[in-house]
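Please look at the sequence and the model below, and then read on for a short report on some of its cysteines and on two of its other residues.

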Amino acid sequence: MRTEWIARRAGQSNVTQMHYARQGIITEEIAYVAQREQLSPELIRSEVARGRLIIPANINHLNLEPMGIGIASRCKVNANIGASPNASDLEEEVAKLRLAVKYGADTVMDLSTGGGNLDEIRTAIINASPVPIGTVPVYQTLESVHGKVENLTPDDFLHVIEKHAQQGVDYQTIHAGILIEHLPLVRGRITGIVSRGGGILARWMLHHHKQNPLYTHFNDIIEIFKKYDVSFSLGDSLRPGCTHDASDAAQLAELKTLGQLTRRAWEHDVQVMVEGPGHVPMDQIEFNVRKQMEECSEAPFYVLGPLVTDIAPGYDHITSAIGAAMAGWYGTAMLCYVTPKEHLGLPGPEDVRNGLIAYKIAAHAADIARNRPGARDRDDELSRARYNFDWNRQFELSLDPERAREYHDETLPADIYKTAEFCSMCGPKFCPMQTKLDEAELTELEKALSTQKPATV
């Protein structure tokens, strides 16, 4: 779809969506996103120009179906996949990608750290993906020096960042906000630094006693991103890894730096979203969203969770979906899903499914709470189908039709029960929705009640 669109931009030094939007140009990607969101193209263009909405769309990802991330659009959901040295391979990761797309992932991040040739895995994922693909290039940078952080050079980081851009990655997590002066602020935390990328940069700075190379070479990264239209996902290296550590001095110091880097990227018309926590108690979620908007000039916020309690290993797709729904309600643009395997192991296909459905629920609930036009239409249609005992239509409208049908059919599998006016919970005699309230009867009742004296207690 994008082959002709991109061909018309050949030879230009800056091909970002923000660059065109600021020139008043409605690109094909902007028009496509406007149609998907049921918003005007001019609104999408103005939001991209302002930096409040991004369209991650690398010029080398030709099979991409463009989508928008921002407060003006629907709340989006990202799914993480990725092979590790201990589990998974190329075929399994492509299968996870397809599963993520099936269950509604708006973007997918490839967080592979091993399990095969990382370039081959990434290329296969991009070639198979209609949704934007994100990566964390510092992982492959570390692998390129066989895990020896002290051997990394700034050129090593830049080389891998450009390689990912050339391959078609639509957005990259760049951990440029963690500075050497932030490291002492981690004292007093229970879980220290929990970001893999942030931990790598922290170890490099501690070894060399030098400033973060991604910060000192940020302009070089900008120049790479301009050539391919790669969006920044500014990594929150100092995000809290437990509720005890939430909203502390380290997290907020890095957030201020991320705001400065956001505005520096915007000076070159490069798109930015900002990553956020993490583990945050419910009463601090609104503060975190508002603070990000303030510090980062309303750049789209992209949060992992947040998890609202730390005592539920195996159920962290639930602890985090609670926080995610709240964050979305307060204005977060994209939610990064958490699976039941969080903190425990590499997620498998069923974990991807469960994590994604939990987050699609959270994002949709946020859209309803934010009164997005049409957000509740599907809910109302499903409710009508439920009230009319149209089981098949109810399944079709479900976020996970297969699971809905599976649970219904565990106890009432025969086709005759797809038209029955009950399920196995209430049975045929006790379903309250069998009490149909006839309009004529209600009108007659209202007349009768109007002539009666008010009831007294």
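Why is the sulfur of Cys431 in no bond with the closest cysteine sulfur, in Cys426? The sulfur of Cys431 lies 5.3 Å from that of Cys426, which is too far for a bond. A disulfide is taken here as a pair of cysteine sulfur atoms within 2.5 Å, and the structure holds zero of them. Cys242 is likewise in no disulfide, for the nearest cysteine sulfur, that of Cys336, is 19 Å away.

This is a predicted model, in which local features need pLDDT of at least 70 and side-chain atom pairs count only at pLDDT 80 or more, while totals for chains, interfaces and linings use all residues. Residues are numbered from 1 along each chain as its sequence is written, and side-chain values use heavy atoms, with hydrogens and water left out.

The table gives relative accessible areas, where buried means under 20%, exposed over 50% and partly exposed in between (1.4 Å probe, protein chains only).

| Residue | Relative accessible area | Class |
|---|---|---|
| Cys242 | 6% | buried |
| Cys431 | 12% | buried |
| Leu335 | 0% | buried |
| Ile318 | 42% | partly exposed |

Leu335, which is buried at 0%, lies in strand S10, residues 334-336 (strands are DSSP runs of E, at least two residues, numbered from the N terminus). Leaving aside neighbours within four places in sequence, Leu335 is in contact (heavy atoms within 4.5 Å) with residues including Cys75, Val77, Tyr302 and Ala363. Leu335 and Pro306 are 29 residues apart in sequence, and their C-alpha atoms are 8.8 Å apart in space.

Notes
Helix = DSSP H or I, 4+ residues; strand = E, 2+ residues; numbered from the N terminus.
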